[in-house]
Amino acid sequence: MQFTLILSSSPQDPASRRALCFARAVIAAGHQLQRIFFYQDAVHLASRLLVVPQDEQDLAAQWQEFVRENRLDAVVCIAAALRRGVLDEAEARRYEKDADNLAAGFELSGLGQLHEAMQSADRVVHFKGDA
């Protein structure tokens, strides 16, 4: 079965952890994660510069490792990312910023990628925050 996941919760929200547990279970069960779409505050999970207190789980690092290890299609909504300061190298140049922070394995793109994934997936699961 092919799944598309949509995340819109912040790294501090329990929904981000639940989404990671679900994604791991999908892979472990032999299903395919066709695409993971990071939207709204979930774009922070794709930042390689996020720092968390030592007594908290670093969900961004865990998501980044999961995406990298499984070679997943991890798409970050470009509009939400730019609004929150998550930039790849091209966007940093475009907006004349001196650094980029999009983690390896993630791609900035638009809602068209989400629409395409939703059309071809067997199941679409959305994890959104409580706020």
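## Exercises on a predicted model

In this predicted model, helices α1 and α2 are roughly parallel to each other. The exercises below begin with that pair of helices and then turn to the core and to single residues.

### Exercise 1. The pairing of α1 and α2

Work out how the two helices are placed relative to each other, and which residues make the contact between them.

*Solution.* Two packed helices are described by the angle between their axes and the distance between the axes. Here the axes of α1, which covers residues 14-28, and α2, which covers residues 59-70, come within 10 Å and cross at roughly 20°. Angles under 35 degrees count as roughly parallel, and the two helices are therefore placed in that class. The next step is the hand of the crossing, which for α1 and α2 is left-handed. On the α1 side the contact is made by Ser16, Arg17, Ala19, Leu20, Ala23, Arg24 and Ile27, while α2 brings Leu59, Gln62, Trp63, Phe66 and Asn70. Sorted by class, the residues of this contact are seven nonpolar, three polar and two charged.

### Exercise 2. The largest nonpolar core

Find how many residues the largest nonpolar core has, and which element gives the most to this core.

*Solution.* The largest nonpolar core has 35 residues, and those with the most contacts inside it are Leu7, Leu33, Ile36, Phe38, Trp63, Val76 and Phe106. Two or more residues come from each of the strands β1 (2-7), β2 (32-38), β3 (74-77) and β4 (106-109), and likewise from each of the helices α1, α2 and α3 (78-83). Of these elements, α2 gives the most, with five residues. Trp63, one of the core residues with the most contacts, is also one of the residues through which α2 meets α1.

### Exercise 3. Two core residues and their contacts

For Leu7, decide whether the residue is buried or exposed, and then list the contacts of Leu7 and Leu33 beyond their neighbours in sequence.

*Solution.* Leu7 is found in strand β1 and has 0% relative accessibility, so it counts as buried. Setting aside residues up to four places away in sequence, Leu7 touches Ala19, Ile36, Phe37, Phe38, Tyr39, Ala42, Leu45, Trp63 and Phe127. For Ala19, which is twelve residues from Leu7 along the chain, the C-alpha atoms of the two residues are separated by 7.4 Å. With neighbours within four places left aside, Leu33 is in contact with Phe3, Leu5, Ala23, Val26, Ile27, Phe66 and Leu72. Among these partners, Ala23, Ile27 and Phe66 also belong to the contact between α1 and α2.

### Exercise 4. Separation in sequence and in space

Compare how far apart the residues lie in sequence and in space for the pairs Thr4 and Arg123, Arg18 and Ala117, and Leu50 and Gln32.

*Solution.* Thr4, in strand β1, lies 119 residues from Arg123 in sequence, yet their C-alpha atoms are 6.4 Å apart. Arg123 is also one of the residues that Thr4 touches, the others being Gln34, Arg35, Leu114, Ala117, Met118, Ala121, Val124 and Val125, when residues up to four places away are not counted. Thr4 counts as buried because its relative accessibility is 0%.

Arg18 and Ala117 are 99 residues apart in sequence and 21 Å apart between C-alpha atoms. Arg18 lies in helix α1, and at 43% relative accessibility it counts as partly exposed. Beyond four places in sequence, Arg18 is in contact with Phe127 and Asp130.

Leu50 and Gln32 are 18 residues apart in sequence but 28 Å apart in space, C-alpha to C-alpha. Leu50 is found in the loop between β2 and α2 and is partly exposed, with a relative accessible area of 26%. Residues up to four places away aside, Leu50 touches Pro11, His44 and Ala60.

### Exercise 5. Positive phi outside glycine

State the phi values of Gln40 and Glu96, and say where each of these residues is placed.

*Solution.* Gln40 is not a glycine, although its phi is positive, at about 50°. The residue sits in the loop between β2 and α2, and with 36% relative accessibility Gln40 counts as partly exposed. Glu96, likewise not a glycine, has a positive phi of about 55°. Its place is the loop between α4 (89-94) and β4. Exposed means over 50% relative accessible area, and Glu96, at 73%, is therefore exposed.

Note on methods:
Residues are numbered from 1 along each chain as its sequence is written. This is a predicted model: local features need pLDDT of at least 70, side-chain atom pairs count only at pLDDT 80 or more; totals for chains, interfaces and linings use all residues. Side-chain values use heavy atoms; hydrogens and water are left out. Axes are lines fitted to C-alpha atoms, for helices over the stretch in contact, and angles run from 0 to 180 degrees between N-to-C directions. Helices (H or I, at least four residues) and strands (E, at least two) are DSSP runs, numbered from the N terminus. Angles under 35 degrees count as roughly parallel, over 145 as roughly antiparallel, 65 to 115 as roughly perpendicular and the rest as oblique. A crossing is left-handed if the near helix is turned anticlockwise from the far one by less than a right angle, and right-handed if clockwise. Contact means heavy atoms within 4.5 Å. Ala, Val, Leu, Ile, Met, Phe, Trp, Tyr, Cys and Pro count as nonpolar, Asp, Glu, Lys and Arg as charged, and the others, Gly among them, as polar. Buried means under 20% relative accessible area, exposed over 50%, partly exposed in between (1.4 Å probe, protein chains only). A nonpolar core is a set of buried Ala, Val, Leu, Ile, Met, Phe, Trp, Tyr and Cys residues joined through side-chain atoms within 4.5 Å.
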